Amino acid sequence: MAVSRDFVFGVDLDGVCGDYTAAFRAVVAEVRGVDLDSLPLDRSWDFSEWGIGSAEEFDELHRIAVLEHRIFRDMPAFPGAAEALWRLSDAGVWIRIITHRLFTNWGHAQAVADTVAWLDTNGIPYRDICFLGAKPEVEAHCYVDDASHNVVALREAGNHVIVFDAPYNRDLPGPRASTWAEVEQLVIARAAELGHHLELPPPGHDAGPQRLERRLGRQHAALA
């Protein structure tokens with residue numbers, strides 16, 4: 001790993017920052033004309049519980065979800081993700097978004113545009129963003145990911161990976177986090193372990209994704 005004064009944190013999006021299962025579930029229910037409750041949230045990686053029987057069928061449903069339903073633009077964000085990432089960023093952590101979203105042929109421009117729009121809308125801070133599948137090729141001091149194959153590949157390459165808890169990855173050993181508050185504490189601990197000094201924001205610090213809006217609101221109120 002290249003020497004850097006910054007502590008680089010590699011952050012996955014789908015299943016980590018954004019609730020891909022919830023967004024994709026709504027699309028599958030609509031396309032098939034079935035009740036949402038017939039598609040269990042407690043699902044395996046291949047969605048076999050939803051009756052998706054082949055990679056080709058998943059690919060087509062995913063294409064519809066991305067290009068027609070725009071889930072990369074509209075999927076719900078997990079609670080606390082933006083706030084935790086802002087606190088880490090304010091402390092000096094370099095946030096590197098790493099996502100494999102260039103999966104659907106002929107939809108790359110839309111996938112990239114929708115991803116950036118989603119990050120802005122949900123106030124997710126980042127210094128750079130990488131669209132790729134082979135995550136061990138991206139240098140970071142710590143990663144968070146939900147996909148078992150990514151976690152295994154990253155660890156085999158000597159990387160430190162936090163598993164973001166999901167029904168399909170519970171066979172993996174930790175470190176593991178179920179919330180973004182837990183992710184934040186594990187990242188702080190890893191940075192300290194590697195000798196990186198993080199300047200944690202003081203109590204009362206105006207943190208979070210709406211800080212600019214709040215400051216502008218206070219300025220307008222003072223001028224009124």
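A residue counts as buried here when its relative accessible area is under 20%. By that yardstick, strand 1 of this predicted model is covered on both faces, with Phe7, Phe9 and Val11 buried on one side and Val8 and Gly10 buried on the other. Put as a tally, five of the five residues in strand 1 are buried. Across the whole chain, buried residues make up 42% of the 224 residues.

Zooming out, the chain holds eight helices and six strands. Read from the N terminus, the elements go β-α-α-α-α-β-α-β-β-α-β-β-α-α. Of the contacts between residues at least 6 apart in sequence, 65% link residues at least 24 apart. The accessible surface of the chain adds up to about 11300 Å², and carbon and sulfur atoms account for 54% of that area.

The six strands form an open sheet in the order 3-2-1-4-5-6, with parallel pairing. Its edges are strand 3 (128–131) and strand 6 (176–177), each of which pairs on one side only. In general, strands of a sheet pair through backbone hydrogen bonds, and the pairing can be either parallel or antiparallel.

Back to strand 1, which spans residues 7–11 and has a partner on either side in the sheet order. On one flank, strand 1 pairs in the parallel sense with strand 2 (residues 93–99) over five bridges, and here Phe7 has Val93 as its bridge partner. On the other flank, three bridges tie strand 1 to strand 4 (residues 142–145), again running parallel. Along this second seam, Gly10 sits opposite Tyr143 and Val11 sits opposite Val144.

Strand 4 is also covered on its two faces: Cys142 and Val144 point one way, Tyr143 and Asp145 point the other way, and all of them are buried. Strand 4 in turn is joined to strand 5 by three bridges, with the two strands running parallel. Tyr143 has Val161 of strand 5 as its bridge partner, while Asp145 stands opposite Val163. Tyr143 therefore turns up in both seams, since residues are listed as partners by bridge pairing: facing Gly10 in strand 1 and Val161 in strand 5.Strand 5 (161–164) follows a similar layout, with Val161 and Val163 pointing one way, Ile162 and Phe164 pointing the other way, and all of them buried. Beyond strand 5 comes the edge: strand 5 and strand 6 pair in the parallel sense over two bridges, and Phe164 stands opposite Ala177 of strand 6.

Now for the helices that pack on this part of the sheet. Helix 6 (residues 148–156) touches strand 4 and strand 5, and its direction makes about 170° with that of strand 5. Helix 6 is also the link in a β-α-β crossover: the chain goes from strand 4 through helix 6 to strand 5, and the crossover is right-handed. Helix 7 (residues 180–193) lies across strand 1, strand 4, strand 5 and strand 6, and runs at about 145° to strand 1.

Methods: Residues numbered from 1 in each chain as written. Predicted model: local features only at pLDDT ≥ 70, side-chain atom pairs only at ≥ 80, totals over all residues. Heavy atoms only, no water. Pairing = 2+ DSSP bridges. Helix = DSSP H or I, 4+ residues; strand = E, 2+ residues; numbered from the N terminus. Contact = heavy atoms within 4.5 Å. Axes fitted to C-alpha atoms, helices over the stretch in contact; angles between N-to-C directions. Buried < 20%, exposed > 50% of the residue type's maximum accessible area, 1.4 Å probe, protein only. Right-handed = clockwise from strand over helix to strand, strands pointing away. Areas by Shrake-Rupley, 256 points an atom, 1.4 Å probe, with all protein chains shown as cover.
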